Amino acid sequence: MQDMEGNVLKEETLGEHWPASSSVPPSPSAAEKKRNAKDIAAQEGLLEMQAEQEKAQSAIFAFSLVTMILYTAVGTVGFCMLYEWSVADGFYYTIVTLTTVGYGDINSYEDLTQWGILFTAWYALVGIMLAGTALGIIATVLLEREEAAVAKAMELALEEDLGASAKRRKVTLHRAVTRTALEEYGVVKKWWRKHMPETVQKLFPALMSLFLMIILGMLLAWQDNKDLTRAEAFYFAVITSTTIGYGDISPISSSTTKVVGALYLLVTVTCTGNVLGSIAGYFIDKKRKEAMDKILKKRITIADFIAFDDDGDGQIEKAEFVLHKLELMGLIDHADIVRVEHEFGLMDKDGSGIIDMEELHAYLKEKEEDKA
C-alpha cells in the first residue's frame, strides 16, 4: 500500500490475529474447528436457556399486568356502584386504596352500607397484597429489560465503531476477531462497573427513578394548584411517594387531575418500593457475598472430605468438590442436584457414569415416543 508520494505504508491490523501482509485469516486447524464447534453448541444451549427464561418472564409479567388491570377495574366499578360516583372518582379512589396512600380527601364511610364496608375492607386487604406483588414483578421486569436494552445499544455502538474504523484502515475483520476485540475492550452489559463504585451501581438507577417521580409529582401539584410554592409542591410529591398521604394536599381539582394523579400514584409508589428494595437488597447481597467468600476460603476438614466423597472411593473428584462448595455457598439446592442426577441417570443406560452418542440417541427417541 502506498501513499500519494509513493512511500510504502505499513498495513494496520486489529491485534495479532493474523499477519499484516495477509488480507484474510489463516484456515483453522482441526483442533480449532472442534473447539469452535463446542463453543457454538454451548452458545446455542445458552441462548436456548435464555429464551426460555425470557419466555417465562414475559408470561409472569403479562399475568401480573392483566391481574392488576382486572382488579383495578373491579374496584372502580364497585366503588362507582356503591357511591354513585363518576368513573374518574372511582378509579382515583381505587388507586389511592391499592397504593395505601389514603389521602382522606374523599370521605366515604358515612355513606356506606354494611355490604359496602365489607367490600371496601376485603378489597383493600386482598388488593394491597396483590398490588404489592404485581407491581414488584412489573417493576423488576421493566428495569431488567431497560438494562438489557442499554447494554445491547452499547454493544452495537461499539461494533459500528469498530466496523467504521476497520473500513478507514481497509482491514478485513473476521467474526472471531470482532468477538475477541469486544472482549479485549471490555464490552459487557454493565461496562460502567469499571468506573463506578458498587454502591452507586446498585442504588443509582433506583434513586434516579425516585428523583424523577418527585419532579413529576411537583409538576402535577402545580398543575392542580398553581398557587403552591416549591416547598409545598415538593412536600406533596414526597408525602405521596412515601405513601404517607396526609390528605392536606391532593390532586382533586378536576377529573383529569384525578386520573393523572391516580396513574402517578401507581408509578411513584412502585419506584419508592424499588428504592427500598434496592437498598435492602444491596446490604443483604453484601452480607451474603461475605458469607460465601468465607465458605469458599474455608479449609476443608476430615468431615468435609467424607461429605464431599459421594462415591466413597476415598478421593474427591473435581465435580464433587465444585458441587458441594456451591451447595454450601447456597448457590444451588441439594434437591436440584438430585433432580439433575436423576435426569443424567435416565440417559446413562448402562450406569457407567458417561453418556455416549448411542445412549443420547436412545434417550431422544424415547422422548419422541412419549410425546407421540
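Let me start with Val260, which sits in helix α7, the helix covering residues 255-297, in what I should say at once is a predicted model. With a relative accessibility of 41%, Val260 counts as partly exposed, because that value falls between the 20% and 50% limits. What I would like you to look at on the screen is its partner across the chain: the C-alpha atoms of Val260 and Ala88 are separated by 9.7 Å, although the two residues are 172 positions apart along the chain.

That pair leads me to the fold as a whole. The protein chain comes to 11 helices and 0 strands, so if you read the elements from the N terminus on, you meet α eleven times over and nothing else. Among the contacts with a separation of 6 or more, 59% are made by residues 24 or more positions apart, and of the 372 residues in the chain, 28% count as buried.

Turning to the annotation, the unreviewed UniProt entry places "transmembrane region" features at residues 59-83, 121-143, 203-222 and 262-284. I checked two of these against the model. Residues 203-222 are 100% helix and 0% strand, with end C-alpha atoms 29 Å apart, while residues 262-284 are likewise 100% helix and 0% strand, their end C-alpha atoms lying 33 Å apart.

Now to the cysteines. How many disulfides does a search of the whole structure find? The search finds 0. As for individual cysteines, Cys80 counts as buried because its relative accessibility, 14%, is under the 20% limit, and Cys271, also at 14%, counts as buried on that basis.

The last region is one that the unreviewed UniProt entry lists as "domain: EF-hand", at residues 335-370. In the model this stretch is 75% helix and 0% strand, and its end C-alpha atoms are 25 Å apart. Two helices pack against each other here, α10 at residues 334-347 and α11 at residues 357-371, with axes 8 Å apart and an angle of about 100 degrees between them. Since angles from 65 to 115 degrees count as roughly perpendicular, that is therefore how α10 and α11 are described. In that packing, Glu343, Leu346 and Met347 from α10 meet Glu359, Leu360 and Tyr363 from α11. Sorted by class, the contact holds 4 nonpolar residues, 2 charged residues and no polar ones.

Methods: Residues are numbered from 1 along each chain as its sequence is written. This is a predicted model: local features need pLDDT of at least 70, side-chain atom pairs count only at pLDDT 80 or more; totals for chains, interfaces and linings use all residues. Side-chain values use heavy atoms; hydrogens and water are left out. Axes are lines fitted to C-alpha atoms, for helices over the stretch in contact, and angles run from 0 to 180 degrees between N-to-C directions. Helices (H or I, at least four residues) and strands (E, at least two) are DSSP runs, numbered from the N terminus. Angles under 35 degrees count as roughly parallel, over 145 as roughly antiparallel, 65 to 115 as roughly perpendicular and the rest as oblique. Contact means heavy atoms within 4.5 Å. Ala, Val, Leu, Ile, Met, Phe, Trp, Tyr, Cys and Pro count as nonpolar, Asp, Glu, Lys and Arg as charged, and the others, Gly among them, as polar. A disulfide is a pair of cysteine sulfur atoms within 2.5 Å. Buried means under 20% relative accessible area, exposed over 50%, partly exposed in between (1.4 Å probe, protein chains only). UniProt positions are given in the numbering used here, feature names are shortened, and annotations may be inferred rather than shown by experiment.
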